[in-house]
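Colleague: I have some questions about how the terms are applied here. Can we go through them one at a time?

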Amino acid sequence: MALTENDDMTPLSTHKTVRLTTAQAVVKYLAAQYSLADGDRRRLIPAALGIFGHGNVAGLGQALDELSDDLPFIQGRHEQYLAHIATAYAKASRRRATLAVTASIGPGALNLVTAAGLATINRLPLLLLPGDTYATRHQGPVLQQLEHASEADLTVNDTFRPVARFFDRITRPEQLLTALPQAMRVLTSPTDTGAVVLSLPQDIQSHAFDFPVEFFDPRDWKIRRPLPDPAEVDAVAAQIREAARPVIIAGGGVHYSDATAALEQLAEQAGIPVVESFGGKGAVSRDEWWQLGGVGLEGNFASNILVKQADLVLSVGTRLTDFVTGSQSIFENENVRFASLNVVDGDTRKQGATGILADARLGLEALTTALAGHTTSTAWQDTARTAKADWAPIRAAALDPDTAFDPAEHPHAPVTGAVLTQPQLIGLLQEHARGGDTIIAAAGGPPGDLQKVWDATGNRHCHLEFGFSCMGYEIPAAMGVRLAEGNQGQRIVTFIGDGTFLMAPTELVTAAQEGLDVTIVVSENHGYQVIHRLQMNRNGREFGNEFRYRTDGDIIAETGEKARLEGDYLKVDLRQIAEGLGARAIRVTTAAEVREALNETREVSGPVVIVVPTVPHMDLPGGDVWWDVAPAEVSNQEWVQTLRADYEGAVGRQRWFG
């Protein structure tokens, strides 16, 4: 890597240069990039994760080895889950930093596609560096090359294009001079961020070029806060003044903008109840009358009652997905209007809203100033107080772990030997949580349950990934959050079902290898139970969702009955699996044992897995919100016909708002 003086007549002739391979240049450049937000300067890409194969070991592998002091490397077990670590790191860092992930070509690269979709849909920065097949072609068709009949330059990495915010295939080393700055721009853009994919052909990674020395100087990337337009603020403020029953829906943008204090000030001053999307869970940190919690399909009664009555809905930093809107059925007030505050122009216009295109914190502060002296009526505030008070005992009863579950009162619940319900287990986790702790969930029943009942006030953080609802995110996410926060006493807890655990437990090895203090609590309820619940509501009969042995007969049989999965529940030792992967693993059954396990492992170094059997089919109270999942329009099963008729009667609740 000796410095050289470039003396030819190329555009770089006036620059001192350093000769580096493409891979070395990528690593050296990433190590010098910083984000800058509100005076907080930090490494934008402080580390890399990956698995080496022939598609990246001689290129990026060599570069990461030679420059490991500048960009530390974390070894993993599955590429998708390494990318989830990076995405959770970015979420916990409020989108001010992320991690780079490298994979080999072919299957290794394609394992990153799911993670790219998650990051892009959730608007979280993620840098992916997959290997690609040869750019030079004298090798002939190489291992894992896609030989497309009509597109010779097509590779499997083109699969990333629809799920990436920025994609570039680097076929010449000097392309990095424009590609890398563009990648950093996207990673630090509040509006454009998501998965950034730099596809690196195996051979090009090792090709060298004389790069300008100044290209590797430290560089700051300012994360901008778009200012609100005063006219737009005035228009929304006028709507709020005219409204009798306004509600704020807070989304993830409140977190990324560090706008909690501004949101709380507006809610308190103007007397506006605040409800939260999955991404916005915990956007309010104070337990006040105007703090109602989760809204929508998996929201609580109090939040949903208010939104149904609202005549003005102000959404802040949210995409308003169908779980929030009840597939556009929750807004029941015939005169409801909408306002929106968002950095993304398209989101400000959803529902035909009057929009403020701006940073959430600055927009909320401007609204608070514009609404000086205004507050809602005592009647509306009393409605919110009453709804919250009515919900409190329902929530408390469902979460109470010390009231023994009585099977006689719930004959529909299978007898498994479990003595706790999943809601009771959540009650124990809530009881144990301290300020600064984080609980994580992403798919299946846990995120919906936490959205409904978790009290995230007092900085008991709730990290929910539900934009993509990706099973397998949860264990890596605990590791990403821990890497972002360091081992400083706060406990990072992932709450998952046995279905998710069995799908993706392997990064426990990485957690053990890196000494990451995380706790994984597994609700062992013998199946994909949240989908079982939906299946019963829409199909009327269980099929393929519970973890059962196959009944007598071959899988291919003359009659379908013989081939069904309708035997006893599978006997799987989750504790032993976790222990074999390097975790301290405990199986506990009673409330007292769960309390003891949580307390005893709070200060334990490395990964902890606590397996708790829970009673299947015991759910939290519903939120009285409809979801558009249609039963079969035609069927020979009479019960399906009945469910279809019910659906057709309910679909009329949907409305179009522009």
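Modeller: Start with a cut-off: a residue is buried when its relative accessible area is under 20%. Keep in mind that this is a predicted model.

Colleague: Why is L508 called buried?

Modeller: Its relative accessibility is 0%. The cut-off is under 20%. So L508 counts as buried.

Colleague: What does L508 touch, leaving out residues up to four places away in sequence?

Modeller: L508 touches I475, F501, I520, A578, L581, P607 and V609. Contact here means heavy atoms within 4.5 Å. L508 itself lies in helix α19, residues 508-514.

Colleague: How far apart are the C-alpha atoms of L508 and L357?

Modeller: They are separated by 42 Å. Along the chain, L508 and L357 are 151 residues apart.

Colleague: Why does N157 count as buried?

Modeller: The relative accessible area of N157 is 0%. The limit is under 20%, so the label buried applies. N157 is placed in the loop between β8 and β9.

Colleague: Which residues does N157 touch, not counting those up to four places away in sequence?

Modeller: A109, P130, G131, D132, F167, R169 and S199.

Colleague: Now the whole chain. What makes it as compact as a globular protein of its length?

Modeller: The chain has 23 helices and 24 strands. Its radius of gyration is 26 Å. The globule rule gives 26 Å for 658 residues, and the chain's value is close to that, so it is as compact as a globular protein of that length. The C-alpha trace spans about 85 × 70 × 55 Å along its principal axes.

Colleague: How much of the chain counts as buried?

Modeller: Of the 658 residues, 57%. The exposed area of the chain is about 26,300 Å², and carbon and sulfur atoms supply 50% of it.

Colleague: What share of contacts between residues at least 6 apart in sequence joins residues at least 24 apart?

Modeller: In this chain, 75% of those contacts do.

Colleague: To the sheets. Why are β4 and β12 said to stand at the edges?

Modeller: The open sheet has 3 strands in the order β4-β3-β12, with mixed pairing. β4 (40-43) and β12 (219-222) each have a single partner strand, so one side of each has no neighbour in the sheet. The twist averages 30 degrees from one strand to the next.

Colleague: How do you know that β3 and β4 pair?

Modeller: Pairing needs at least two bridges. Strand β3 (residues 33-37) and β4 have 4, in the antiparallel sense. One of the bridge partners in β4 is R43, matched with Y34.

Colleague: What makes β6 and β9 edge strands?

Modeller: They belong to an open sheet of 6 strands, ordered β6-β5-β7-β8-β10-β9, with parallel pairing. β6 (73-75) and β9 (166-169) each pair on one side only. Here the twist averages 20 degrees from one strand to the next.

Colleague: How do you know that β9 and β10 pair?

Modeller: The threshold is at least two bridges. β9 and strand β10 (residues 195-201) have 4, in the parallel sense. D168 stands opposite L198 in β10.

Colleague: Which strands does helix α3 lie across?

Modeller: Helix α3 (residues 79-92) lies across β5 (48-50), β7 (100-103) and β8 (126-132). α3 runs at about 170 degrees to β7.

Colleague: Why is strand β16 described as largely enclosed?

Modeller: β16 covers residues 312-316, and 5 of its 5 residues are buried, so the rest of the structure largely encloses it. L312, L314 and V316 point one way; V313 and S315 point the other way; all are buried.

Colleague: What makes β13 and β17 partners of β16?

Modeller: At least two bridges are required. Strand β13 (residues 246-250) pairs with β16 in the parallel sense over 5 bridges. V247 has V313 as its bridge partner in β16. Strand β17 (residues 337-342) also runs parallel to β16, joined by 5 bridges. L314 stands opposite A339 in β17.

Colleague: Last one. How do you know that the span of helix α6 agrees with its length?

Modeller: Helix α6 has 12 residues, 176-187. At 1.5 Å a residue, α6 should span 16 Å, and its end C-alpha atoms are 16 Å apart, so the two agree. The buried residues of α6 are L176, A179, L180, P181, A183, M184, V186 and L187.

Notes: Residues numbered from 1 in each chain as written. Predicted model: local features only at pLDDT ≥ 70, side-chain atom pairs only at ≥ 80, totals over all residues. Heavy atoms only, no water. Helix = DSSP H or I, 4+ residues; strand = E, 2+ residues; numbered from the N terminus. Axes fitted to C-alpha atoms, helices over the stretch in contact; angles between N-to-C directions. Expected span 1.5 Å × (residues − 1). Buried < 20%, exposed > 50% of the residue type's maximum accessible area, 1.4 Å probe, protein only. Rg over C-alpha atoms; globule rule 2.2 N^0.38 Å. Areas by Shrake-Rupley, 256 points an atom, 1.4 Å probe, with all protein chains shown as cover.
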